[in-house]
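User: Hey, can you walk me through this one? I'd like to start with how you decide what's buried.

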Amino acid sequence: MKNTKGNFAEIASLSEVNRSLSVPKDGTWFRKFLAFAGPGYMVAVGYMDPGNWATDIAGGSKFGYTLLSVILISNLMAILLQALSGKLGIATGKDLAQMCRDAYSRPVAIGLWLLCEIAIAAMDLAEVIGSAIALKLLFGLPLLYGVIITAFDVMLILLLQNKGFRALETLVIVLMATIAGCFGINLLLAQPEWGGVLGGFVPDSQILTNPSMLYIAIGIMGATVMPHNLYLHSSIVQTRKFEQTSAGKREAITFATWDSSIALMFALFINAAILIVAAAVFHTAGRTDVAEISDAYYLLSPLLGTTLASILFGVALLASGQNSTVTGTLAGQIVMEGFLNLRLSPWLRRLVTRLIAIIPAVIVTAIAGEKGAEELLVLSQVILSIQLPFAIIPLLLFTSDKKIMGEFANKMWQKVLTWIVTAVIIILNVVLIIQTISG
């Protein structure tokens, strides 16, 4: 490792909004918490993007409520890792990309940056395809046209960026509430067996003994923790203007951890709701073959007896895809500035990221149609899985190093727990990659 002070003139992470939101020095605990609330919801977006939907639908339709425990465990792992990411940003004043640039040699930093850019492009690909599928389902728009239209949502993001960081956070929370509301109504329409739902959150040994169930379980876990979120969270927690003292940082870490943990519980509700609806509607009706987003949309209405169910499903999918564009933009900006100490205009950075995602999506949908697009959605999750260890391992090394973190370094029990979680995630992702490649 190099000296963590680095050889570069440091640019603050997301410098245009760094420490732009004030935190009251006095006031109630709740008032201070509200000042910190927001970044966690932007992070939570990545845990409910269109890439997660197919595995949740397949798990519910094929195995009922059994795999709810996998969603729960995955979410708890995500809460732990995101807490470390937020702590890194607050304690050091740098994001994960900046820390990697300062700690590793130039070739290693460039390699990590390229891997991260590929992962962000893969995530953007999932957003593009998810939004295009939603537009097709809701408005009958050909998938190819939907893919092209998604290129223009960059204008909305740029408009909101000029309104300040709170505007972006507000948009994310509104869209997340829309998704939760849509699935909340669909839960009422589906009338699941709540005893079975509660039982599904208890791990079942057959998840490990049933190869088919294990495959979907690994898919759910593999699509949960998003590498770009670790870079994103370590940066956006620095938008708060907290006291740069030991006590001020400790308080900020506490509030940031509460913020991300509560937000990720909302992500847990939405992912669980997708699986519960699939279980209550498809599995109960004997349709254990439903595994794709489009199939779920078309079958919801006839099985529940109301077109409202499918409309709500489509609206939630569109909101999910659009929500992810915000975090994709920010993550792309953070990793480029952090790894390379290079700044591009937001519109140019967004356009480059969008084109990288849209070009393969256009080619595949033009040649292979909707089925090819949904297969590309699965491939995007595999690419994310490959990049994951290259984000998690540096995060654990940095947050465990007392020279970097000082008094905020991970304690022994935290080190043991986080390395166990990391080992599990990496092993499952390797298995997922092997299974996907082998068909």
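Analyst: Sure. Buried means under 20% relative accessible area, exposed is over 50%, and partly exposed is in between, using a 1.4 Å probe and protein chains only. By that rule Tyr 104 is buried, with a relative accessible area of 14%.

User: Before I go on, what kind of model is this, and what gets filtered?

Analyst: It's a predicted model: local features need pLDDT of at least 70, side-chain atom pairs count only at pLDDT 80 or more, and totals for chains, interfaces and linings use all residues. Residues are numbered from 1 along each chain as its sequence is written, and side-chain values use heavy atoms, with hydrogens and water left out.

User: Ok, helices. How do α4 and α13 pack?

Analyst: Helix α4 (residues 68-92) and helix α13 (residues 227-236) have axes 7 Å apart, at an angle of about 40°. Helices here are DSSP runs (H or I, at least four residues), numbered from the N terminus. Axes are lines fitted to C-alpha atoms over the stretch in contact, and angles run from 0 to 180 degrees between N-to-C directions.

User: And which orientation class is that for α4 and α13?

Analyst: Oblique. Angles under 35 degrees count as roughly parallel, over 145 as roughly antiparallel, 65 to 115 as roughly perpendicular, and the rest as oblique. The crossing of α4 past α13 is right-handed, meaning the near helix is turned clockwise from the far one by less than a right angle, while anticlockwise would be left-handed.

User: Which residues make that contact?

Analyst: Leu 81, Gln 82, Ser 85, Gly 86 and Gly 89 from α4, with Asn 229, Leu 230, His 233 and Ser 234 from α13. Contact means heavy atoms within 4.5 Å. By class, the contact of α4 with α13 has two nonpolar, seven polar and no charged residues. Ala, Val, Leu, Ile, Met, Phe, Trp, Tyr, Cys and Pro count as nonpolar, Asp, Glu, Lys and Arg as charged, and the others, Gly among them, as polar.

User: What about α9 and α14, how do they cross?

Analyst: The axes of helix α9 (residues 165-190) and helix α14 (residues 246-283) come within 9 Å and cross at roughly 30°, so α9 and α14 are roughly parallel. Their crossing is left-handed. Among the residues meeting there are Met 176 and Phe 183 in α9, and Phe 266 and Ile 270 in α14. The contact of α9 with α14 has 15 nonpolar, two polar and no charged residues.

User: Switching topic: how many aromatic pairs are there?

Analyst: Twelve. Rings of Phe, Tyr and Trp (its six-membered ring) pair if their centres lie within 6.5 Å; planes under 30 degrees apart count as stacked, over 60 as edge-to-face and the rest as tilted. One of the pairs is Trp 29 with Trp 258, edge-to-face at 6.4 Å centre to centre and 90° between the planes. Trp 29 sits in helix α1 (residues 29-36) and Trp 258 in helix α14, 229 residues apart.

User: Are those two Trp residues buried or exposed?

Analyst: In between: Trp 29 is partly exposed at 47%, and Trp 258 is partly exposed at 46%.

User: And what does Tyr 104 pair with?

Analyst: Phe 398. Their ring centres are 5.9 Å apart and the planes are at 35°, so the pair is tilted. Tyr 104 lies in the loop between α5 (96-103) and α6, and Phe 398 in helix α18 (residues 389-400), so the pair ties together parts 294 residues apart in sequence. Phe 398 is buried, at 0%.

Terms used:
Helix = DSSP H or I, 4+ residues; strand = E, 2+ residues; numbered from the N terminus.
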